Amino acid sequence: MNRKYQIDTQENRAFLKELRDDLLRFGHRFPSEQGGSYYLGDDGTPWKDRNRETWITCRMCHVYSIGSFLGHEGSEKLVDEALKGLKGELHDEEHGGWFAGRTAEDRIVPNKQCYAHAFVILASCSALLAGREGAKELLKEALELYDLRFWNEEEGLACDTWNTEFTVLDDYRGINANMHTVEAFLAVADVTGNEIYRKRAGRIIERVIGWAEENAWRIPEHFTKEWQPDLECNKQQPDDPFKPYGATPGHGIEWARLIVQWALSTYKNTPEAAEKYINAAENLFNRAVADAWNVDGARGIVYTTDWEGKPVVHDRMHWTLAEAINTAAILYHLTQKTKYSDDYAEFMEYLDEEVLDHVNGSWFHQLDQHNHLMGTVWPGKSDIYHALQATLIPYHTPEVSIALAVKENK
């Protein structure tokens, strides 16, 4: 196989740098006049007829904070633009917190999402590391709001969605928002030194591992307000972008990486205590790859499966591949098992041959079962978060949040 796909080669490092530079160039046109992030189209042109989403704005704030550590020209200004949006048009001055977004007509997108608020925390942490004005205050407000509205100390988990006024809490509970909460909480602990948030991340992880073990290492995504798994949720709309039916192998892979990060950072001085979590991460990754990678006659990772591991939605999402690249690299470096280096090389080859847009830049966000471009769930190329991280995580220390790892490694 071509050496540029093989982990720990100079050719692979150079390939990732090339991809990274392309992605950072591609995303430059995201800011609106008010700072909220436009949804990017196929060639990076803003799609101004779509909502300016808070979670996308946060992701762009995060990635260009990293860009500033990498010396990418213009990154600091782009971070400041995103912060302007988070402190301005996306912020609810009356009820607190952040709107889900703004429409093209400048109306408020209703509801307050745990998912979006977790990303506000992540963005604030990264911008604080980048030394951007107002980031410290934004992080303080985001944590206070999250602790008040979303975190449930008794349950050790976060709720999902409030109405805009924070007066009605939806009964739905979801694991996707909790996954990005773990990501955000680990960043807070790394950046501020407040270990309460690392402990909270561990409480979420313990619950997720328990649910995964009960379901043959396929993680339930949707729950009732009592945190009972709702395994039939959205069976009639299986390709929902945020609440798909069944197991989502990409999330199993992403959870595996976050579990490793938490375990290595929590048990720095007692590595033997981390072993059971490393084993859980391997089980999650291997189950997802066995269920979803190259299982339907073409290369790629299917979007969802049923609870027996049979593919339901065969589309290939770019974020799933990005997380597979990350986790295969981390597990290889931890265990030295050739299975993971082989997986990594296959993922990289598939990325180059099918998922990279060699004409317009960035990665195709959604392909069908035959690896033809489609856009039913993710048209265009909304942001560069997953893809950019996949060019960095494979070669940075796995126990530290990626923004801090890049900053310390520069």
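This is a working chat about one predicted model.

Student: What kind of model is this, and what are the ground rules?
Tutor: The model is predicted, so local features need pLDDT of at least 70, side-chain atom pairs count only at pLDDT 80 or more, and totals for chains, interfaces and linings use all residues. Residues are numbered from 1 along each chain as its sequence is written, and side-chain values use heavy atoms, with hydrogens and water left out.

Student: Where is D92?
Tutor: D92 sits in the loop between α3 (75-87) and β4 (101-102). Helices (H or I, at least four residues) and strands (E, at least two) are DSSP runs, numbered from the N terminus.

Student: Is D92 buried or exposed?
Tutor: D92 is buried, because its relative accessibility is 4%. Buried means under 20% relative accessible area, exposed over 50%, and partly exposed in between (1.4 Å probe, protein chains only).

Student: Which residue's side chain makes a polar contact with the D92 side chain?
Tutor: That of K112, at 2.9 Å. The D92 side chain also reaches the backbone nitrogen of E94 at 2.9 Å. A polar contact is a pair of N or O atoms within 3.5 Å; within protein, one must be able to donate a hydrogen and the other to accept it, and residues adjacent in sequence count only if both atoms are side-chain atoms.

Student: Leaving aside neighbours within four places in sequence, what is D92 in contact with?
Tutor: G97, W98, F99, K112 and T164. Contact means heavy atoms within 4.5 Å.

Student: New topic. How many disulfides does the structure hold?
Tutor: The structure holds 0 (a disulfide is a pair of cysteine sulfur atoms within 2.5 Å). C125 is in none; its nearest cysteine sulfur, that of C61, is 10 Å away. C125 is buried, at 1% relative accessible area.

Student: Why is C233 without a bond to C114?
Tutor: The sulfur of C114 is the closest cysteine sulfur to that of C233, but 16 Å is too far for a bond. C233 is buried too, at 13% relative accessibility.

Student: Which residues are buried in α13?
Tutor: In α13 (residues 402-409), I402, A403, L404, A405 and V406 are buried. Their cover includes α2 (54-69), α4 (114-129), α6 (175-192) and α12 (385-390).

Student: On to pockets. What volume has the largest pocket?
Tutor: About 530 Å³. It has 27 lining residues, and W55, Q113, Y115, P241 and F242 are the closest to its centre. On a 1 Å grid over the protein atoms alone, a pocket is an open set of points where a 1.4 Å probe fits, with protein on both sides within 12 Å along at least five of seven lines; lining residues have an atom within 4 Å of a point. Grid points are joined across faces, edges and corners, and a volume is the space filled by probe spheres set on the points.

Student: Which helix gives the most to that lining of the largest pocket?
Tutor: α6, with 3 residues.

Student: And what volume has the second largest pocket?
Tutor: About 230 Å³. Of its 13 lining residues, R20, L70, L392, H396 and N409 are the closest to the centre. The largest share of that lining, 4 residues, comes from α1.

Student: Last one. What is the phi of A216?
Tutor: It is positive, about 55°, although A216 is not a glycine. A216 lies in the loop between α7 (196-214) and β11 (222-223). N294 also has a positive phi, near 60°, and lies in the loop between α9 (271-292) and β12 (304-305).
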